[in-house]
Amino acid sequence: MPAADRRVRPGSDGEHELQERVGTTARADKFYDEQVLDRLNTRMRDFVARQEMCFLATSDRHGQCDSTFRAGPPGFLQVLDDRTLVYPEYRGNGVLASLGNIEENPHVGILMIDFQKDRIGLHVNGRARIVSDEEMRRAQPGLPVDSVPGRRAQLWVEITVEEAYIHCAKHIPHLQKASAEQGQASGTDGFKRKGGDFFGAAAEAPDRPPYQPRRRKRYVPSWAQGGGPTRAAVWQRSVERLLAVVTWRNSDAEQEGEVPFRGWFC
């Protein structure tokens with residue numbers, strides 16, 4: 001296998017295939033080399049520590065996606081070390097869509113955007129697990145306790161960082177933070193303060209038929225349709241990438257004096 005094929009590239013097979021089709025592989029490699037980290041560096045950790053909100057992406061085991069919003073006081077996203085961050089889950093509507101997805105599929109994506117000062121964003125992708133408040137505070141007794149009534153963490157989500165990279169400032173609007181009088185009160189179950197029936201869905205509920213989930217269909221990537229790569233070719237490429245990762249990690253381990261991994265895993 002040529003040396004170029006053994007190179008470990010961040011991202012998915014799908015994005016690599018699309019880069020080849022539209023001719024952006026070299027530009028993507030420059031971004032991978034310069035901007036994509038497998039941990040949070042010092043500036044990233046400082047950025048996370050001052051954020052008051054983030055957007056969270058999850059999906060279930062079928063790939064059905066959900067995107068949501070999380071917020072809290074500065075530092076509600078706690079950086080434990082350069083590969084680990086945690087955030088609290090408060091009492092909500094009881095649906096637990098994001099946590100339910102994490103139970104099935106631990107892969108998550110977090111996007112933090114500073115709309116006020118730096119007008120820049122940070123992507124963090126990784127693997128998540130759900131931890132009880134008691135267990136988390138036993139392991140991390142220094143975690144803050146929110147002073148606002150009603151905002152007590154019931155659970156925590158712990159994320160092991162796998163990718164961290166910049167979201168460029170282009171098109172990020174410059175926003176101003178509302179005063180405390182203008183903002184919504186935190187930690188309340190008040191119907192109106194939580195938005196009420198803003199979209200009218202509850203008012204329409206008696207007149208509409210029950211929700212019927214659509215039947216999930218087997219997804220076939222566009223690049224695998226119409227004479228695209230065969231399943232065998234995709235499998236071979238996946239195996240080559242796995243071998244490259246094992247070789248790369250063994251090399252790092254040997255340089256650090258550790259016992260390298262020699263086995264297989266499933």
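Me: Let's start with the largest nonpolar core. Which of its residues touch the most other members?

Reply: A nonpolar core is a set of buried residues of kinds such as Val, Leu and Ile, joined through side-chain atoms within 4.5 Å. Keep in mind that this is a predicted model. Here the largest core holds 22 residues, and Leu-77, Ile-110, Met-112, Val-124 and Ile-159 touch the most other members.

Me: Which elements supply at least two residues each to this core?

Reply: On the helix side, α3 and α4 (97-104) do. The strands that do so are β1, β4 (84-89), β5, β6 and β7. The biggest giver is β7, with 4 residues. There is also a second, separate core of 6 residues, which includes Val-86, Met-136, Ala-153 and Trp-156.

Me: What does Val-124 touch, leaving aside its neighbours within four places in sequence?

Reply: Val-124 is in contact with Leu-40, Leu-85, Val-108, Gly-109, Ile-110, Met-112, Val-161 and Glu-163. Two of the names from the core list, Ile-110 and Met-112, turn up again here.

Me: How do I read a helix that sits against the rest? Which residues of α3 are buried?

Reply: The general idea first: an α-helix has 3.6 residues a turn, so residues three or four places apart point the same way. In α3, the buried ones are Met-44, Phe-47 and Val-48. They cover an arc of only 95° around the axis, so they sit on the same side of α3. What they pack against is β3 (78-81), β5 (107-114), β6 (120-132) and β7 (155-167).

Me: And what caps the N-terminal end of α3?

Reply: Asn-41 does that job: one of its side-chain oxygens lies 3.2 Å from the backbone nitrogen of Arg-43.

Me: Let me try α2 (residues 25-35). Which residues are buried there?

Reply: Ala-28, Asp-29 and Tyr-32. Seen down the axis of α2, they fall within an arc of 100°, so they line one face of the helix. The face turned away from that buried side carries the exposed residues Ala-26, Arg-27 and Glu-34. Part of the cover over the buried residues comes from α1 (13-22).

Me: Now for a polar residue in a loop. Is Gln-51 buried or exposed?

Reply: Check the relative accessible area: under 20% counts as buried. Gln-51 comes out at 4%, so it is buried. This residue is in the loop between α3 (42-49) and β1 (53-59). A polar atom of the Gln-51 side chain lies 2.9 Å from the backbone oxygen of Phe-47. Not counting residues up to four places away in sequence, Gln-51 touches Pro-73, Pro-74, Gly-75, Phe-76, Met-112, Ile-113 and Asp-114.

Me: What about Ser-59, where is that one?

Reply: Ser-59 is in strand β1. At 13% relative accessibility, Ser-59 counts as buried. Its side chain and that of Asn-105 are joined by a polar contact of 3.0 Å. Beyond four places in sequence, Ser-59 is in contact with Gln-64, Cys-65, Asn-101 and Asn-105.

Me: Cys-65 caught my eye. How many disulfides does the structure hold?

Reply: For a disulfide, look for two cysteine sulfur atoms within 2.5 Å. The structure holds 0 of them. Two of the cysteines are a nice contrast: Cys-65 is exposed, at 69% relative accessible area, whereas Cys-54 is buried, at 1%.

Me: Which residues have a positive phi although they are not glycines?

Reply: Leu-96 has a phi of about 60°, and Arg-119 has one of about 50°. Leu-96 is in the loop between β4 and α4 and is exposed, with a relative accessible area of 53%. Arg-119 lies in the loop between β5 and β6 and is partly exposed, at 29%.

Me: Zooming out, how many helices and strands does the protein have?

Reply: There are 7 helices and 7 strands. Along the sequence, the pattern runs α-α-α-β-β-β-β-α-β-β-α-β-α-α.

Me: And which numbers describe the protein overall?

Reply: Of its 266 residues, 27% are buried. For contacts, take those between residues at least 6 apart in sequence: 65% join residues at least 24 apart. The accessible surface comes to about 18,600 Å², and 53% of that belongs to carbon and sulfur atoms.

Terms used. Residues are numbered from 1 along each chain as its sequence is written. This is a predicted model: local features need pLDDT of at least 70, side-chain atom pairs count only at pLDDT 80 or more; totals for chains, interfaces and linings use all residues. Side-chain values use heavy atoms; hydrogens and water are left out. Buried means under 20% relative accessible area, exposed over 50%, partly exposed in between (1.4 Å probe, protein chains only). A polar contact is a pair of N or O atoms within 3.5 Å; within protein, one must be able to donate a hydrogen and the other to accept it, and residues adjacent in sequence count only if both atoms are side-chain atoms. Contact means heavy atoms within 4.5 Å. The arc is that of the directions from the helix axis to the C-beta atoms. Accessible areas come from the Shrake-Rupley method with a 1.4 Å probe; for residues, only the protein chains shown count as cover.
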